[in-house]
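The exercises below are meant to be worked through with the sequence and the coordinates side by side. Each one sets a task and then goes through a solution step by step.

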Amino acid sequence: MISRLTGKLIEKTPPQIVIDVNGVGYEVDVSMQTFYLLPPLGETVQLYTQLVVREDAHLLFGFASAAERATFRQLVKVSGIGAKTALGILSAMTSDELAQAVAQEDVKRLSSAPGIGKKTAERMVLELRGKLVSEQTATGLFAPAAAPDETDDIVSTLLALGYNEREAKVAVKGIPTGTDVSEGVRLALKNLLK
């Protein structure tokens, strides 16, 4: 799994970008929310990523924050929403706006996203209620010297395992700073079983 990319931004053609990481160019699809936060060509960029494997392709999706990636992961779990549709939803609204629309059961707002009809919007409200994380600040994500925060990856892993955001955040409290992701997940799961 490719969890994060840091490298030089060499192409920008919405919604696709190319990041050069030590001589290897990664083609990444990004939401328009992330696209507008990108630095100019030739600058260093860091994105959280999600690899989607299909029969005919391996697709890499990039996000400005761990919260946006976690929202994407929840969206693709909804019946009838694929990776491209999820990216379209995140282009139409931020993670916070989506979480708010789901919490308020605003079917009209949800169905305004591309590829989402009334029935899919209603299904989103049912299946996503209480599962969406709030957006975290993207400050520092594009700085080359930004140290990765393993806590975000541990929380994302717990969310992928089916725990909700509150449970995941409680589980990572007390895990020492600098703990690697696999050890952090093990400790967090141990905390959840107490």
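## Exercise 1: Strand β4 and its partners

In this predicted model, strand β4, which spans residues 44–53, is mostly covered, with 7 of its 10 residues buried.

**Task.** Determine which strands are joined to β4 by bridges, and in which direction they run.

**Solution.** Begin with β1, which is joined to β4 by 5 bridges, the two strands running antiparallel. A residue pair that illustrates this pairing is L5, which stands opposite L47 in β4. Next take strand β5, made up of residues 58–63, which is joined to β4 by 6 bridges and again runs antiparallel to it. Here V53 stands opposite H58 in β5. Finally, look at how the chain passes from β4 to β5: the connection is a hairpin through 4 residues.

## Exercise 2: The surroundings of K8

**Task.** Locate K8 in its strand, decide whether K8 is buried, partly exposed or exposed, and list what K8 is in contact with beyond its sequence neighbours.

**Solution.** The first step is to place K8, which is found in strand β1, residues 4–13. The second step concerns accessibility: because its relative accessibility is 44%, a value that lies between the 20% and 50% cut-offs, K8 counts as partly exposed. For the third step, set aside the neighbours within four places in sequence; K8 is then in contact with V18, I19, D20, G42, E43 and T44. As a last step, compare sequence and space for K8 and Q46, which are 38 residues apart along the chain, while their C-alpha atoms are 8.8 Å apart.

## Exercise 3: Salt bridges

**Task.** State how many salt bridges a search of the whole structure finds, and examine the one between D56 and R54, the one between E105 and R129 and the one between R186 and E183.

**Solution.** The search of the whole structure finds 5 salt bridges. Side chains of opposite charge can pair when their charged atoms come close.

1. The side chains of D56 and R54 meet in a salt bridge with an N to O distance of 3.2 Å. D56 counts as exposed because its relative accessibility is 61%, whereas R54, at 40%, counts as partly exposed.

2. E105 forms a salt bridge with R129, and the closest N and O atoms are 3.2 Å apart. E105 lies in the loop between α4 (95–103) and α5 (107–110), and R129 in the loop between α6 (118–128) and α7 (150–160), so this pair ties together parts that are 24 residues apart in sequence. E105 is partly exposed, with a relative accessible area of 47%, and R129 likewise counts as partly exposed, at 43% relative accessibility.

3. The side chains of R186 and E183 meet in a salt bridge at 2.7 Å, N to O. Both residues lie in helix α9, residues 181–192, where they are 3 residues apart, about one turn of the helix. R186 counts as partly exposed at 42% relative accessibility, and E183 is partly exposed with a relative accessible area of 30%.

## Exercise 4: The domains

**Task.** Give the domains into which the protein chain is divided, and state how far apart the C-alpha centres of domain 1 and domain 3 lie.

**Solution.** The protein chain is divided into domain 1 (4–63), domain 2 (66–137) and domain 3 (150–193). The C-alpha centres of domain 1 and domain 3 lie 26 Å apart.

Key:
Residues numbered from 1 in each chain as written. Predicted model: local features only at pLDDT ≥ 70, side-chain atom pairs only at ≥ 80, totals over all residues. Heavy atoms only, no water. Domains from an automatic or database assignment. Buried < 20%, exposed > 50% of the residue type's maximum accessible area, 1.4 Å probe, protein only. Contact = heavy atoms within 4.5 Å. Salt bridge = Lys/Arg side-chain N within 4 Å of Asp/Glu carboxyl O. Pairing = 2+ DSSP bridges.
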